[in-house]
Amino acid sequence: MSTLQRARCQAKAHPLAVDAVLAAAVLACMVAASFVEPRHPHSVTWSLRTPDSLSLLLMALGACALAFRRRAPMAVLALTGTLSVVESITGDPRAPVAMSAVIALYTVASTTDRPTTWRVGLLTMTVLTGAAMSAGPLPWYAQENLAIFAWTGIGATAGDAVRSRRAFVQAIRERAERAERTREEEARRRVAEERLRIARDLHDVVAHHIALVNVQAGVAAHVMDKRPDQAKEALAHVRDASRSALNELRATVGLLRQSGDPEAPTEPAPGLDRLDELTGTFRSAGLHVEVARADQDTTLPAAVDLAAYRIIQEALTNVQKHAGQQAKAEVSVVRVGPNIEITVLDDGSGEDADPDSGGGHGLLGMRERVTALRGTLTTGPRYGGGFRVHAILPVKNRTSTGEDPA
C-alpha cells in the first residue's frame, strides 16, 4: 500500500481529527489575511494592519465550528453564515470570516442532493452578499462584496461536483460488484446444469448396457452346458455391450477433462440415425422389438436428436428389466406438424411392470430431458397390461438459436 493510500485510510478512520486540522488551517489563513490590506483601492501593494478583537473572536468561532462540519453540516453553515453577516456589518476593516462559511457551504453541497444544494447555496449567497452590500461600511459595488458572492458560488459548485463524482464512482463500483456476482452465479448455474446433464447421460448409458449384459450373462449361464454355441453367442453380445458401454462412458467422462488433459474422444452423440443399431442390441438380448418410423427423414437439432435416442433407449431398457421375458415392445417415431413424437409401448405382464416401482431415475431423467426442450412426456400403465411412454419434442426449439437447452 502506497503512502497516499495509507493517508486516505487514516483520514477515513479519523474524520474528526482531519476536520480539526482543516479548521486550524482555515483559521491560520483567515488570521493571516486579516493582517494585510491594499495601500490604495487600486494598488497592488499591501500594508500591515491590526484586526480588532471582535474580528479575531469571530474568526476563531467560525474555525472551531468547522471541526464539526461532517456531524452537523447545516448547523455549522448556519453558525458560520451568522458570524460572516456580523463581520460584514461591524468589521472595518473587514476580516475574511466568510471563508469559514464558504467551507461549510461546500460541505453541505458535497453531502446532500442537488436540489438542496441549489436552495441552500442561493440562500447563503443572497444573505451574505445582501448583508455586505446593504449594511456594511463599504460601497455596495466594492470588490470585497463581489468576492463574497463569487466565493460562495464557487463553494456550492465545487461541493456539488465532488458529490456527483463520488456518486458516479460508487455507481460504477456497485455495477462492477453486481456484474461479478452475476457472473459467479451464472457460472455456478451452468456447472450445476452440466453436472445434471452428465448424470443423466451416465445413467442412460450404464442402465442400458448393464441391463443387456445382465440378460446375456444369464442366458449364457443357463445354456452353457447344453448349448455351448448359444452360450458363446450370448457371451459375444456381452462383450459387444460392454465395449459400447465403455466407449460411451469414455465419451461422457471426457467432458470432465481439464484443458491440459489428453484429448477427449470426438465421436458425435448418438441420435435417431442409430436407432436400428440400438434396437438390434435389444433383439440380440431376446427382446422382440418392432420399429415404425414416419418422420420423413427429418433433420433434428442435436439436443432433440439425442433426447429422442435416450428416451427410446431408457424406455426399452425398462421393458427389458420390468416387463417380463415374453414381452414385446413397439417403437414409433412420427413427425406431427412442428413436433416429433416418440412412443414406446410394451405388453409386459411382469410383477414389476411399472418402472416407477423400482425406485430408479430413468423416468425422472426422461422427464428432465423433455422439459429442458419444452416438450411434454406422458408415462403410465396401459389398459389391459403393459406400459406406455409418449414424448412430444418440438423440432424447432431454443437450441436452434444457440441457447443452452438445460
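Buried means under 20% relative accessible area, exposed means over 50%, and partly exposed is anything in between (1.4 Å probe, protein chains only). This is a predicted model, in which local features need pLDDT of at least 70 and side-chain atom pairs count only at pLDDT 80 or more, while totals for chains, interfaces and linings use all residues. Residues are numbered from 1 along each chain as its sequence is written, and side-chain values use heavy atoms, with hydrogens and water left out.

**View 1. The whole chain, to get your bearings.** The protein chain has 11 helices and seven strands; helices (H or I, at least four residues) and strands (E, at least two) are DSSP runs, numbered from the N terminus. Of its 406 residues, 37% are buried. Take the contacts (heavy atoms within 4.5 Å) between residues at least 6 apart in sequence: 68% of them join residues at least 24 apart.

**View 2. Asp19 and Arg70 form a salt bridge.** The term stands for a side-chain nitrogen of Lys or Arg within 4 Å of a carboxyl oxygen of Asp or Glu, and the structure holds nine such pairs. Here the closest N and O atoms are 3.1 Å apart. The pair links distant parts of the chain: Asp19 sits in helix α2 (residues 15-34), whereas Arg70 belongs to the loop between α3 (53-66) and α4 (73-90), 51 residues apart. The two partners are worth checking for accessibility: Asp19 is buried, with a relative accessible area of 2%, and Arg70 is partly exposed at 44%. Add Arg69 to the picture, and Asp19, Arg69 and Arg70 are linked in a network of salt bridges.

**View 3. Salt bridges along helix α7.** Follow helix α7 (residues 143-223) to Glu180 and Arg183, which lie three residues apart, about one turn of the helix. Their side chains meet in a salt bridge, 2.4 Å from N to O. Glu180 is partly exposed, with a relative accessible area of 35%. In the same helix, Arg190 and Glu186 are four residues apart and so are separated by about one helical turn. The side chains of Arg190 and Glu186 also meet in a salt bridge, here at 3.0 Å, N to O. Both count as partly exposed, Arg190 with a relative accessible area of 44% and Glu186 at 28%.

**View 4. The span annotated as a coiled-coil region.** An unreviewed UniProt entry gives the annotation "coiled-coil region" to residues 169-196. UniProt positions are in the numbering used here, feature names are shortened, and annotations may be inferred rather than shown by experiment. In the model, this span is 100% helix and 0% strand, and its end C-alpha atoms lie 41 Å apart.

**View 5. The largest nonpolar core, with 37 residues.** Such a core is a set of buried Ala, Val, Leu, Ile, Met, Phe, Trp, Tyr and Cys residues joined through side-chain atoms within 4.5 Å. Those with the most contacts inside this one are Ile311, Ile312, Leu316, Ile340, Ile342, Val389 and Leu393. The elements giving two or more residues to the core are α9 (275-284), α10 (302-322), β4 (328-336), β5 (339-346), α11 (362-372) and β7 (387-394). The largest share, nine residues, comes from α10. Leaving out residues up to four places away in sequence, Leu316 touches Thr279, Phe282, Leu287, Val289, Ala329, Val331 and Val344. A second, separate core of 19 residues includes Ala23, Met30, Leu77 and Val108.

**View 6. Helix α9 packs with helix α10.** The angle is about 10°, and the axes are 11 Å apart; axes are lines fitted to C-alpha atoms, for helices over the stretch in contact, and angles run from 0 to 180 degrees between N-to-C directions. That makes α9 roughly parallel to α10, the word used for angles under 35 degrees (over 145 is roughly antiparallel, 65 to 115 roughly perpendicular, and the rest oblique). The α9 side of the contact is Leu275, Leu278, Thr279 and Phe282, meeting Tyr309, Ile312, Gln313, Leu316, Thr317 and Gln320 of α10.

**View 7. Helix α11 and the residue Arg374 that follows.** Among the buried residues of α11 are Leu363, Met366 and Val370. Arg374 is found in the loop between α11 and β6 (376-381). Its phi is near 65°, a positive value in a residue other than glycine. Arg374 is exposed, with a relative accessible area of 62%.

**View 8. Ile392 in strand β7.** Ile392 counts as partly exposed, at 23% relative accessibility. Its C-alpha atom is separated by 6.4 Å from that of Asn339, 53 residues apart along the chain. Neighbours within four places in sequence aside, Ile392 is in contact with Asn339, Ile340, Glu341, Val370, Gly375 and Thr376.
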